[in-house]
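Colleague: I would like a close look at a single part of this protein, the aromatic cluster, and at the elements that surround the description of it. Please take me through that part slowly, and then place it in the rest of the chain.

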Amino acid sequence: MRNRLITSFPLFLSVLIMIIGCAPKTSNIDLPLVEMSEFSPHLETLKARYDLTESLKTTKMMVTIQENGRAPEELRELLWYKKSEDGELLHIQALGGFNDTKGVAIAKQNKFLLVLVDEQEAYLGELSDGILKIIFGIDLRISDVLSAIFANPFLDGRTEKLKITGFAPIFFISRPGVEAGHTETITVLVQDGEPRVTEWRINDKDEVLQQSVVFSDYREVDGILRPHKVEIERPLEQTRVVVKMAQVQLNVKIPDSRFDFEPHLTEGMKVMPFSELEEPDVSE
């Protein structure tokens, strides 16, 4: 079931991987330690960008995905994000060659909906960090969505065990990963007083790279600095994704109805729990 889902809908894999974080390259050179008091203002700036963003909308986002050595596939996708009384809302829409909707993913009120339009199938269940592994078999955390949208790996609050090295304007921040034995390394470049997270890497206990994300093409949108290009690599899955955002709007009015599930559950569509994707692979 899972293999069929990925094969029939690789664009959603690209969207959901795009939304995930990673860590930067480490160096064998011993760099001087940096006091937290020197770096904390940059953490505050990164957080302020998040606090100042009540909504985000992309009307032109191109995603290129390459899997298992196959030829790259380019896709167009749309994204809406909003803070509301119901919490943080996310809607991702994948388009076909004629701007027709191929799929929809919505996260709302601890629920997650995935709709495959051509297949007339929908999957609905609890929103959890493990949901992407159930859907795609890739160990990614849904909580990293915000980290990628805001290019801020520190939004998860894990700032207590940071080791900071480097020379201004470049800082390298290491911290324990979420998985036991994993290490994250985040590179921050400060230009004109503005911090830019440029890379975020995750290595396992054997120092094998699990995931790498590079943020670039930083531009101001309504006074808030943010990247417009994200490059993601998952070496073990042989997956590489490049996301380019040409049109980003911040703090625009987005109706709550944009995040409703019902309009996407059309008559005759088969709605299944995510447990349906956990069927054993009997082909082996």
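Modeller: Of the 284 residues in the protein chain, 49% count as buried. The model is a predicted one. The chain holds five helices and 14 strands. Among its contacts with a separation of 6 or more, 54% are between residues 24 or more positions apart.

Now the cluster. Searching the whole structure gives three aromatic pairs. In one of them, the ring centres of tyrosine 81 and phenylalanine 150 are 5.4 Å apart and the ring planes stand at 80 degrees, so this pair is edge-to-face; the cut-off for that class is over 60 degrees. The two residues come from distant parts of the chain, 69 residues apart. Tyrosine 81 belongs to strand β2, residues 73-84, while phenylalanine 150 is in the loop between α5 (144-149) and β7 (163-167). Both tyrosine 81 and phenylalanine 150 are buried. Together with Tyr50, they form one aromatic cluster.

Tyr50 brings in helix α3, which covers residues 36-51. This helix has 16 residues and spans 22 Å from its first C-alpha to its last, close to the 22 Å expected at 1.5 Å a residue. Its buried residues are Phe39, His42, Leu43, Leu46, Arg49 and Tyr50. Viewed down the axis of α3, the buried residues fall within an arc of 110 degrees, so they line one face of the helix. Ser37 and Glu44 are exposed on the other side of α3.

The ring of tyrosine 50 also has a charge over it: the charged end of lysine 83 sits there, 3.8 Å from the ring centre. A second case of this kind involves tryptophan 80, whose ring has the charged end of arginine 258 over it, 3.9 Å from the centre.

Tyrosine 81 leads on to the strands. Strand β2 runs antiparallel to strand β1 (residues 55-67), and nine bridges join the two. Within this pairing, methionine 62 is opposite arginine 76 of β2. The two strands make a hairpin with five residues between them, and in the turn asparagine 68 has a positive phi of about 50 degrees. β1 also pairs with strand β13 (residues 239-250), again in the antiparallel sense, over 11 bridges. There, leucine 56 is opposite leucine 250 of β13. In a regular strand, side chains alternate between the two faces of the sheet.

Further along the chain there are other antiparallel strands to set beside these. Strand β10 (residues 194-203) is joined to strand β11 (residues 209-221) by five bridges, and the two run antiparallel. Arginine 201 has serine 212 in β11 as its bridge partner. The hairpin of β10 and β11 has five residues between the strands, and glutamate 207 takes a positive phi near 65 degrees in it. β11 pairs in turn with strand β12 (residues 224-234), antiparallel and over nine bridges. In that pairing phenylalanine 215 is opposite valine 230 of β12. The hairpin of β11 and β12 has two residues between the strands, with aspartate 222 at a positive phi near 50 degrees.

Some backbone details of the loops remain. Most residues other than glycine have a negative phi, and most peptide bonds are trans. Asparagine 99 is not a glycine, yet has a positive phi of about 60 degrees. The loop that holds asparagine 99 runs between β3 (87-95) and β4 (101-108). With a relative accessibility of 49%, asparagine 99 counts as partly exposed. Glutamine 120 likewise has a positive phi, near 55 degrees. Its place is the loop between β5 (111-116) and β6 (121-126), and at 30% relative accessibility glutamine 120 counts as partly exposed. The peptide bond from alanine 168 to proline 169 is cis, with omega near 15 degrees, and proline 169 is in the loop between β7 and β8 (170-176).

To return to the part you asked about: the aromatic cluster consists of Tyr50, Tyr81 and Phe150, and the charged end of lysine 83 sits over the ring of tyrosine 50.

Conventions. Residues are numbered from 1 along each chain as its sequence is written. This is a predicted model: local features need pLDDT of at least 70, side-chain atom pairs count only at pLDDT 80 or more; totals for chains, interfaces and linings use all residues. Side-chain values use heavy atoms; hydrogens and water are left out. Rings of Phe, Tyr and Trp (its six-membered ring) pair if their centres lie within 6.5 Å; planes under 30 degrees apart count as stacked, over 60 as edge-to-face and the rest as tilted. Helices (H or I, at least four residues) and strands (E, at least two) are DSSP runs, numbered from the N terminus. Buried means under 20% relative accessible area, exposed over 50%, partly exposed in between (1.4 Å probe, protein chains only). A charge sits over a ring if NZ of Lys or CZ of Arg is within 6 Å of the ring centre and within 35 degrees of the ring normal. Two strands pair if DSSP finds at least two bridges between them. The expected span of a helix is 1.5 Å times one less than its number of residues. The arc is that of the directions from the helix axis to the C-beta atoms. Contact means heavy atoms within 4.5 Å.
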